[in-house]
Amino acid sequence: MDVVIQIIASGLTLGAMYAVATVGLSLVYGSLNMLNMAHGALLTLGGYMCYAAITHLGFHPIFGLVAAALVCALAGLAIYVFATLPLLRAENFETNIFIATIGIGAVIESLMLKSFGPYPIPQPLAVSGSVVIGNVHIPLQNIMILLTALVAMAAVALLLQKTRAGRAIRATSMSRDAAQLMGVRVGQIYAQVLALSGGLAAISGVMISSIATLTPVMGGDPMLKAFIICIVAGLGNVYGAVLAAIVLGLLEAATQYVLGVRWSFATLLLLVILVLIWRPYGLFGRQQVVRL
Amino acid sequence: MAEPILQLKGVKSGYAGRLVLQGADFVAGKGELTAVIGPNGHGKSTLLKTISGIVRVSEGEISLKGKRLDTLRPDQVVAEGVIHVPQGDLLFPGMTIYENLMMGAYLTREAGSVAERLERVFTLLPKLKDRRNQVAGTLSGGERRMCGIGRGLMAGGEFLMLDEPSLGLAPIVIDQIYEVIFDLRHAGMSILLVEENAERIMDQADSIHLLDNGRFAWTGKGAELMARPEIVEAYLGA
């Protein structure tokens, strides 16, 4: 019983972090057909910005998180202005932006390496203490991560479902031409989505580095997992991505306990292969059926 | 002819490397039902996409009541009062009918006029009211078409463009859709209608324009078209 509680607790924490990382990736793919390979680097940027704001600028931890989110939102905006916008005008946008964002990611990671050095740094945004359930000690840090993720997810859901801007984002991802014919200025929507995705990446990066440590390459692993989650859920499906992230987090925690840590990534990959054989468009992917 | 509302002068436009409209001259009258007919693949849909700014004009000019449209972005064209109900509806499949209609009124910020238009759309297309909470992806063809037209009307524009509203529908449903279109026209709306099936609109349209190979080859009234069986036969295969 204690083992189950332990697995659920760490699985939910993992899942929550993955969910925040994945939603940004999924939103960007859903509305622009753009695989943002710099997403992992934005995560890293967010982690370091939070660290720098708290340690060097003396920000309160909460404002450190907010500052990190703002910087990464601006970075997302910069990606839109300097990479997405020019490439959208040319052909083969999907391939070009894929390659361009790999480059942007490398630049951001190198900047972090240059500014903060290669050695792991602890994330100062941390809470100590734990809650005891049964015989299991659950660190408050994990609970804080879960709550932060829930708040972030709820805010995104509210934005998408209830606001005029959110409705326009959803409309653009369903049909770009139709959204334009409704008077939606799609360029603005793209910029908003990339900024939002950057902000979410920062939150996710801060959470991940608060459990692990800050390193210039810390974004790689969560981004890979975010891609896996996106594909399992169906690319561009935001709500499916949240669900898939939590399920995969739980699965990862269970695999780590039952089979050992080294099997957890292999299990994830096996799962993707099986899902893609069974449902190539992902678990919640859109399989377009047009009735006349 | 009534005073012109939309005017095209020598408009050329197309897709990457292929010109579709090759110098189209065209006038639509205010408060009139203007029909564009012609065979498949000769630029009828491109004409509407060019007017709404989705396809860029490479030469020539388009104006609405004297104001240039060809330099504007699609969202600015909508703001000028041009509504384009695209071929195949292009509804937002994951949204309900209500949300689709609300997207139609995206540029209108006054809640009062949105509510007023919604009431009008529901009066004109009562089926939409009954199904307002149904997701658009699950509608039948006729319902989708109605939702598409209703969504267009929610914009509150004065120039309505409809791309093949009868496409893929059962004859009885086509009759219902055309009833709605003719109602709108009698209510004073200026309508530009693209239709492959010329007979359906012949006696109602104020003017008919035949689009052939990216240019307008013939313009006249329905009765005049009937008097020219060779045109009907050559272009429309009737």
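Colleague: What makes the pair Glu99(B) and Arg170(A) a salt bridge?

Modeller: The model is predicted, so local features need pLDDT of at least 70, side-chain atom pairs count only at pLDDT 80 or more, and totals for chains, interfaces and linings use all residues; side-chain values use heavy atoms, without hydrogens and water. Residues are numbered from 1 along each chain as its sequence is written, while chains are lettered from A and ligands numbered from 1 in the order in which they are written. A salt bridge is a side-chain nitrogen of Lys or Arg within 4 Å of a carboxyl oxygen of Asp or Glu. The closest N and O atoms of Glu99(B) and Arg170(A) are 2.6 Å apart, so the pair is called a salt bridge. Across the interface of chain B and chain A, the rule finds one salt bridge.

Colleague: Which elements of chain B give two or more residues to the side that touches chain A?

Modeller: They are helix H2 (74-79), helix H3 (97-104) and helix H6 (141-153); helices (H or I, at least four residues) and strands (E, at least two) are DSSP runs, numbered from the N terminus. H3(B) contributes the largest share, four residues.

Colleague: How many residues take part in the contact, and what area is buried between the chains?

Modeller: Contact means heavy atoms within 4.5 Å, and 27 residues from chain B and 20 residues from chain A take part. Buried area is the accessible area (1.4 Å probe) that two parts lose on being put together, summed over both. For chain B and chain A this comes to about 2,400 Å², with 61% of it on carbon and sulfur atoms.

Colleague: Why is Thr96(B) called buried?

Modeller: Buried means under 20% relative accessible area, exposed over 50%, and partly exposed in between (1.4 Å probe, protein chains only). Thr96(B) has 16%, and is therefore buried. Thr96(B) sits in the loop between strand S6 (82-85) and H3 of chain B. Outside the neighbours within four places in sequence, Thr96(B) is in contact with Arg132(B), Asn133(B), Gln134(B), Val135(B) and Ala136(B).

Colleague: How do you know that Thr50(B) and Ser264(A) are buried too?

Modeller: The relative accessibility is 3% for Thr50(B) and 7% for Ser264(A), so each value falls under the 20% limit. Thr50(B) belongs to helix H1 (residues 44-52) of chain B, and Ser264(A) to helix H11 (residues 264-278) of chain A. Beyond four places in sequence, Ser264(A) touches Glu252(A), Thr255(A) and Gln256(A).

Colleague: What makes the link between the side chains of Thr50(B) and Ser13(B) a polar contact?

Modeller: A polar contact is a pair of N or O atoms within 3.5 Å; within protein, one must be able to donate a hydrogen and the other to accept it, and residues adjacent in sequence count only if both atoms are side-chain atoms. The distance between the two side chains is 2.8 Å, so the limit is met. The side chain of Thr50(B) also reaches the backbone oxygen of Thr46(B) at 2.5 Å. In Thr96(B), a polar side-chain atom lies 3.1 Å from the backbone nitrogen of Glu99(B).

Colleague: Why are strand S9 and strand S10 of chain B said to pair?

Modeller: Two strands pair if DSSP finds at least two bridges between them. S9 (residues 207-212) and S10 (residues 215-220) share five bridges, so they pair, in the antiparallel sense. The hairpin has two residues between the strands, and Asn213(B) takes a positive phi near 55° there.
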